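Grab a pencil and get ready to look around a protein model. Work through each exercise on your own before you read the solution.

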Amino acid sequence: MDKRLKKEVYWYFSDYLSKQKMVPKPPVYSVEVGKRDPLLFTFIKYSFSVCVILLVFFIPRTFFLNTDLGSNVYRLLKMEGYQYRIEAGAKRLNPNLFIEKFQNEEVE
Amino acid sequence: MKNIQRRLRRLALTGRGEKEEIFNDIYRLYARKIRGFIALRLPNYPDDCDDLTQITLLKVYRHLHEYKPLFTMNTWIYTIANRTLIDFVRKESKKGDCPQHPSSSIDDAVSPYTDPVDTLIDAETVQSVRYCLESLDWQDRQIAYLRFYECLKIKNIAGILGKPQGTVKYRIYRIRRQLKKKLEEKYG
């Protein structure tokens, strides 16, 4: 398209736009009221997740441990845990202890 | 415009910047353009054009921080305007009173422009170009507006109007051919 024609088309549209009414500025405050602060929203979201985790894992445990059955089970689990850890630790530290123990048993 | 775009990018990327100020600049620069773009589709419904322009501007304001620097600001704003327009037309057509573009036959088109400055330059050429542009289909007028007034790339126009690039290219070619033909008819 030659320059002249391009210019004409440009003038036509600039004339067309100049005849357009200037629309009043939209009421932005209506958007402001309902707007969501991204940082605050993220913070609330993660806080909520943390609360859910706390509720699911810790609160039932506390209630359960307050009962007789709960406290006994917990104590048993704890003791077994310790025992296991002691054995595992011993094994790791000095496996000869067990070997000697087995050998002695066999001799006996 | 580059300045606004830079500030908008900064706002989108870092969240820093005066949202109000950026929006004011966008409003000053684009309010008339958006209305003009919408009025190409709905020339007989000025109130709807005003409403749609305001809705578009509100959407722009609401999503200022979501602007993707991948696109130019022009493309982004016109895409929002076009989608708002499409939504409106679709909604109205469901109701049964779809806004129609006036008949766009060449015979009916009469140019309302009689600017004395233009008549000094070359009244006949100006009138015939206008006559031809007004006789175009509304889609072609939108494409002509985006291409020859806003000087957007074909890729961007296709993105705004949601059409394949080939279609946009062909339509531009057709508009050019029509305009040239019209001028040749006039001057031989």
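Below are exercises on a predicted model, each with a worked solution.

**Exercise 1. Take stock of the two chains**

Task: Find out how many helices and strands chain B has, and do the same for chain A.

Solution:
- Step 1. Start with chain B: you should get eight helices and zero strands. Reading from the N terminus, the order is α-α-α-α-α-α-α-α.
- Step 2. Now chain A, where the tally is six helices and zero strands. Its order from the N terminus is α-α-α-α-α-α.
- Step 3. Check burial. In chain B, 29% of the 188 residues are buried. In chain A, 6% of the 108 residues count as buried.
- Step 4. Look at how contacts in chain B span the sequence. Take the contacts between residues at least 6 apart in sequence: 63% of them join residues at least 24 apart.

**Exercise 2. How sure is the predictor?**

Task: Work out which stretches of chain B have a pLDDT below 50.

Solution:
- Step 1. Get the overall picture: the average pLDDT of chain B is 78, and 78% of the residues score at least 70.
- Step 2. One stretch that falls below 50 is residues 102-114 of chain B, which has 16 contacts in the model beyond near neighbours in sequence.
- Step 3. Residues 117-121 of chain B also stay under 50, and here the model has three contacts beyond four places in sequence.
- Step 4. For the complex, the predictor gives an ipTM of 0.71 and a pTM of 0.61.

**Exercise 3. Where the chains touch**

Task: Say how many residues each chain brings to the contact, and which element of chain B gives the largest share of its side.

Solution:
- Step 1. Count both sides: 28 residues come from chain B and 19 residues from chain A.
- Step 2. List the elements of chain B that give two or more residues to its side: α2 (19-41), α3 (46-62), α5 (116-134), α6 (138-149) and α8 (165-187).
- Step 3. Pick out the largest share, which is eight residues from α2(B).
- Step 4. Sort chain B's side by class: 17 nonpolar, four polar and seven charged residues.

**Exercise 4. Two helices meet: α2(B) and α4(B)**

Task: Describe how α2(B) and α4(B) are placed relative to each other.

Solution:
- Step 1. Remember what you need: two packed helices are described by the angle between their axes and the distance between the axes.
- Step 2. Read off both values. The axes of α2(B) and α4(B), residues 73-95, come within 10 Å and cross at roughly 40°.
- Step 3. Put a word to the angle. Roughly parallel means under 35 degrees and roughly perpendicular starts at 65, so α2(B) and α4(B) are oblique to each other. Their crossing is right-handed.
- Step 4. Name the residues that meet. From α2(B) you have Tyr30(B), Ile34(B), Phe37(B), Ile38(B) and Arg41(B), and from α4(B) you have Ile77(B), Tyr78(B), Ala81(B) and Leu85(B).
- Step 5. Class them: eight nonpolar, no polar and one charged.

**Exercise 5. Another partner for α4(B)**

Task: Repeat the analysis for α3(B) and α4(B), which pack against each other.

Solution:
- Step 1. The angle is about 130°, and the axes lie 9 Å apart.
- Step 2. Roughly antiparallel would need an angle over 145 degrees, so α3(B) is oblique to α4(B). The crossing is right-handed.
- Step 3. On α3(B), the contact uses Leu52(B), Ile55(B), Thr56(B), Lys59(B) and Val60(B). On α4(B), the residues are Ile77(B), Ile80(B), Ala81(B), Thr84(B), Leu85(B) and Phe88(B).
- Step 4. By class, that gives eight nonpolar, two polar and one charged.

**Exercise 6. Zoom in on two residues**

Task: Decide why Gln165(B) counts as partly exposed and why Cys151(B) counts as exposed.

Solution:
- Step 1. Locate them. Gln165(B) is in helix α8 of chain B, while Cys151(B) is in the loop between α6 and α7 (154-161) of chain B.
- Step 2. Count C-beta neighbours inside 10 Å. Gln165(B) has 14, so it counts as partly exposed. Cys151(B) has 10, so it counts as exposed: the cut-off for exposed is 12 or fewer.
- Step 3. See what Gln165(B) touches beyond four places in sequence: Ile154(B), Lys155(B) and Ala158(B). Gln165(B) and Lys155(B) are 10 residues apart in sequence, with 6.1 Å between their C-alpha atoms.
- Step 4. Check the backbone of Cys151(B): phi is near 55°, a positive value in a residue other than glycine.

Notes. Residues are numbered from 1 along each chain as its sequence is written. Chains are lettered from A and ligands numbered from 1 in the order in which they are written. This is a predicted model: local features need pLDDT of at least 70, side-chain atom pairs count only at pLDDT 80 or more; totals for chains, interfaces and linings use all residues. Helices (H or I, at least four residues) and strands (E, at least two) are DSSP runs, numbered from the N terminus. A residue is buried if 20 or more other C-beta atoms lie within 10 Å of its own, exposed if 12 or fewer, and partly exposed in between; C-beta atoms are placed from the backbone. Two residues are in contact if their C-beta atoms, placed from the backbone, lie within 7 Å. Ala, Val, Leu, Ile, Met, Phe, Trp, Tyr, Cys and Pro count as nonpolar, Asp, Glu, Lys and Arg as charged, and the others, Gly among them, as polar. pLDDT is the predictor's confidence in each residue, from 0 to 100. Axes are lines fitted to C-alpha atoms, for helices over the stretch in contact, and angles run from 0 to 180 degrees between N-to-C directions. Angles under 35 degrees count as roughly parallel, over 145 as roughly antiparallel, 65 to 115 as roughly perpendicular and the rest as oblique. A crossing is left-handed if the near helix is turned anticlockwise from the far one by less than a right angle, and right-handed if clockwise.
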